[in-house]
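Me: Could you take a close look at the cavities in this one for me? I'd like to hear what lines them.

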Amino acid sequence: MKKIIAIVLAAVMAAPAVFAQEKNKEWNEPKVGDIAIGFTFNPVSLASRLAVQPRLGTAVNGTVAGNMAIEKQMYALSQDPVAAFRIKYRFAENWNLRASLGLSGSHINYTEYVQDDLAKTLDPQSENKVADVVKSDLNSGNLAIGAEFVKGKKLKFVMGFSVLYAIGGGMLKFDYGNKMTELNKVPSSLPYSGWISGATPALNPDAAAGAAQGIAWARPLKTNNSGIHHGLGVQMDMGIEWFFQDRISLGAAVTFTPIMFTFQPQTYTIMEGFSTTSGQVEQYNMLVSPGGWSCLYGTENLGFQVSLNYYF
């Protein structure tokens, strides 16, 4: 007990000297020509980010099945990425050039066994299997390039602006083990491809497109429902930067995007089916949208960005 009291008293007596030393310490301030690297984190984006990665603990097959029903419309791409890598360059006494890049995405190569139709035809007792493959590619990205004004010593006021470019969306591709032929017009396929069927109009949003070619049943080869669409806008922020160590700082800033334009390409699904008109397998496009654009404006799109920076 006496040792603990002695340590506490020593710490209390030494505290004024430590604080005096900190007060008189000369901080190595960033100067013109210095570069900073760091990371930004926007917790606000967690609630509204474009979901391009499976949630932790979810089954991959469930994710693929969910992607089959991916939204066909444009996403709002005006939010900050959850995390991004950032670089700054001090080009004037109170000004930095800056650029940040945040990426998120997933590539899933899902394989599932289905019945081997040819082997089953030759031998009804056959248990041979072939593999169907679904490749899912979903991506989102955010590139911001701009400048910021800084003023202060250890605790700096920061105000900046950036031009913001964003991408989002994706597609699925299918590779089937059982080929579609004249003798096998409805080959066994993994369940996720069964959402398109002339025999089940409720599951086929565009049965007429195939029926016009004499196709009663079709399966997808490639879905481009949302496509990789693009956004271009302006972002502004205001906050503080605190140098808690020599050349190392923590930043906190409120961000918002006053205006953002989003552009979506043509969206479609490539289908294949056996045509009774031509007597062979045909492909056709199940069109969803010719494309479109949107404009978001106002001050409601707010974010809160935390950053860690190292200057050298």
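Reply: Start with the largest cavity: 17 residues line it, and the ones nearest its centre are Ser-100, Ala-144, Ser-162, Gln-235 and Gln-305. Keep in mind that this is a predicted model. The volume of the largest cavity comes out at about 150 Å³. As for who builds the wall, four strands each chip in at least two lining residues: S2 (83-92), S3 (95-115), S4 (129-152) and S6 (215-245). S4 is the top contributor here, with 4 residues in the lining of the largest cavity. If you sort that lining by class, you get 8 polar residues, 5 nonpolar and 4 charged.

Now for the runner-up. The second largest cavity has a volume of about 120 Å³, and its lining is made of 14 residues. Nearest the centre of this one sit Arg-86, Val-158, Gly-251, Ala-253 and Ser-307. Strands S2 and S6 turn up again, each giving two or more residues to the lining of the second largest cavity, along with S7 (248-264) and S11 (302-311). By class, the lining of the second largest cavity splits into 6 charged, 4 polar and 4 nonpolar residues.

And the overall tally? Counting cavities of 30 Å³ or more, the structure holds 4, and the two described here are the largest, at about 150 Å³, and the second largest, at about 120 Å³.

Definitions and conventions: Residues numbered from 1 in each chain as written. Predicted model: local features only at pLDDT ≥ 70, side-chain atom pairs only at ≥ 80, totals over all residues. Heavy atoms only, no water. 1 Å grid on protein atoms, 1.4 Å probe; cavity = no way out; pocket = protein on both sides within 12 Å on 5 of 7 lines; lining within 4 Å. Points joined across faces, edges and corners; volume = space filled by probe spheres on them. Nonpolar A, V, L, I, M, F, W, Y, C, P; charged D, E, K, R; others polar.
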